[in-house]
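Here is a short set of exercises to work through with the model open beside you. Try each task yourself before reading the solution.

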Amino acid sequence: MSDVAQLNVSDRLILGIESSCDETGVALVSVPASGPVRLLSHALHSQIDMHQAYGGVVPELASRDHIRRVVPLARQVLSEAGRTLPEVDVVAFTQGPGLAGALLVGQGVACALGVALGKPLLGVHHLEGHLLSPFLSVDPPEFPFVALLVSGGHTQLMRVDGVGRYDILGETLDDAAGEAFDKSAKLMGLPYPGGPHLSRLAAQGREDVFDLPRPMLHSGNLDFSFAGLKTAVRTHLVRLGWLDALPPADDADAQRVLADLAASTQAAIVDVLVKKTLAALKNTGLKRVVVAGGVGANASLRQQLNQACQRRGIRVHYPELHLCTDNGAMIALAAGMRLQAGLAHATHDPVFHVKPRWDLAAI
Ligand code: KG4
Ligand code: ZN
């Protein structure tokens, strides 16, 4: 086999495998020489039920479950697309960042398939997958744009001038927005993953009841800091006497106060995200913004950002709701767009290293 294969990208079929954390995702995309990448099929298995008993992701269990799921999911997407394994031109997989053991599963399966089929491999940056995922939506963006990347582990504002042309404008100095949701939710006794649960509880509460900090709102730069927010939530719970023993579910008054705390927490996170995004748009002079990553599914964030941007004549793009959180489609898509842009070389050499920590600006 040759060392490196420069692909002739003309309606290539790419199989994408995502296994960086607690979702196993596999997808098949069709990649023309230029023009939109087309999603043919995708399948997902979420490990949320399995990890819920532990209140968070257990890395060893995550890896073992990915092992069980990848091949059946790959069979499913091929069958749904009416394609067979030998028709696949490139096998793409998430190379990082993420849990090392979990990444190794996707990468191991991708390597095995690549070697068995004699097809090249391409390692993909998970966050680039999130960032490009709105290109699979019915309203895809055009370059350049500002991107607000809000996943479980990352909160970044970027200027995006094209595939692979990412300038970080600001990022979190400590907790990510997703972590702020998850850690506050955990303190409030909500199940893992806290973000969607906190958001649902917040819908029943009033957001002006608790005065919570908007960290770094006036810092003069585009960085974030969310660690203080969970401490403030904790302080309120201590004052209410609910830190170790949450109020019973049938105490309607107390549940209302808990919903108010959830609503106030969500409002603080959303407020900072929206205002910093508007500042990034103002600084760059760009009139288009893309929101990607799990927190991009948050209804309040979407509503606040849409309203603020509409007033300023700014277009906002999101991934389809079901592609906001981790999935294989965004990995296959990112591989396709990198190949189209001539930025990536798929390789026939098995790839034996994953990158649990990997800076998006460095790719
Ligand atoms: O992008 P993602 O699926 O995984 C990572 O790459 O980290 O993001 C997961 C994060 C979690 O923190 C989860 O609580 C949050 O996204 N999330 C939400 C919502 N849906 C998912 N946060 C707030 N509101 C939601 N509706
Ligand atoms: Zn993710």
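**Exercise 1. The zinc site**

How are the donor residues of the zinc ion (ligand 2) spaced in sequence? Once you have the pattern, work out the geometry of the site and find where its donors sit.

Solution. This is a predicted model, so please read every value below as computed.

Step 1: Reading along the sequence, the donor residues follow the pattern H-x3-H-x195-D.

Step 2: Put names to the pattern. The zinc ion (ligand 2) is coordinated at 2.0 Å by NE2 of His126, NE2 of His130 and OD of Asp326.

Step 3: Place two of these donors. Histidine 130 belongs to helix H4 (residues 126-132), while aspartate 326 is in the loop between strand E11 (315-317) and helix H10 (329-340); the pair therefore ties together parts that lie 196 residues apart in sequence. Both histidine 130 and aspartate 326 are buried.

Step 4: Check the angles. Four donors count as tetrahedral if all angles lie between 85 and 135 degrees. The 4 donor atoms of the zinc ion (ligand 2) make angles of 95 to 132 degrees, and the site is tetrahedral. For comparison, the ideal angle for four tetrahedral donors is 109.5 degrees.

**Exercise 2. The surroundings of ligand 1**

Find the residues that come nearest to ligand 1, then look for polar atoms of the protein beside it.

Solution. Step 1: There are 17 residues around ligand 1, and those that come nearest are His130, Gly152, Asp182, Gly294 and Asn298.

Step 2: Begin with the oxygen atoms of the ligand. A polar side-chain atom of histidine 126 is 3.0 Å from an oxygen atom of ligand 1. Glycine 294 places a backbone N or O atom 3.0 Å from an oxygen atom of ligand 1.

Step 3: Now take nitrogen. An N or O atom in the side chain of asparagine 298 lies 3.0 Å from a nitrogen atom of ligand 1.

Step 4: Turn to the cover. On its own ligand 1 has 560 Å² of accessible area, and the protein covers 86% of that.

**Exercise 3. Backbone exceptions**

Which peptide bond from a glycine to a proline is cis? Look also for a cis bond after a phenylalanine, and for a positive phi in a residue other than glycine.

Solution. Step 1: Recall the background: most peptide bonds are trans, and most residues other than glycine have a negative phi.

Step 2: The bond from glycine 96 to proline 97 is cis, with omega near -15 degrees. You will find proline 97 in the loop between strand E5 (90-96) and helix H3 (100-117).

Step 3: The bond from phenylalanine 143 to proline 144 is cis as well, with omega near -5 degrees. Proline 144 is located in the loop between H4 and strand E7 (145-150).

Step 4: Methionine 216 has a positive phi, near 60 degrees. This residue is in the loop between helix H6 (194-202) and helix H7 (227-240). With a relative accessible area of 23%, methionine 216 is partly exposed.

**Exercise 4. Helix H10**

Is H10 largely enclosed by the rest of the structure or largely open?

Solution. Step 1: Look at its dimensions. H10 has 12 residues and spans 16 Å from first C-alpha to last, close to the 16 Å expected at 1.5 Å a residue.

Step 2: Consider burial. Of the 12 residues of H10, 11 are buried, so the helix is largely enclosed by the rest of the structure. Among them are Ala329, Leu333, Met337 and Arg338.

Step 3: Follow the chain onward. Just after H10, glycine 342 adopts a positive phi of about 70 degrees.

Technical notes:
Residues numbered from 1 in each chain as written. Chains lettered and ligands numbered in written order. Predicted model: local features only at pLDDT ≥ 70, side-chain atom pairs only at ≥ 80, totals over all residues. Heavy atoms only, no water. Donors = N, O, S within 2.8 Å, 3.2 Å for Na, K, Ca; no water. Tetrahedral: all angles 85-135°; square planar, octahedral: opposite > 155°, others 65-115°. Helix = DSSP H or I, 4+ residues; strand = E, 2+ residues; numbered from the N terminus. Buried < 20%, exposed > 50% of the residue type's maximum accessible area, 1.4 Å probe, protein only. Near = heavy atom within 4 Å. Polar contact = N/O pair within 3.5 Å; in protein donor to acceptor, adjacent residues only side chain to side chain. Areas by Shrake-Rupley, 256 points an atom, 1.4 Å probe, with all protein chains shown as cover. Expected span 1.5 Å × (residues − 1).
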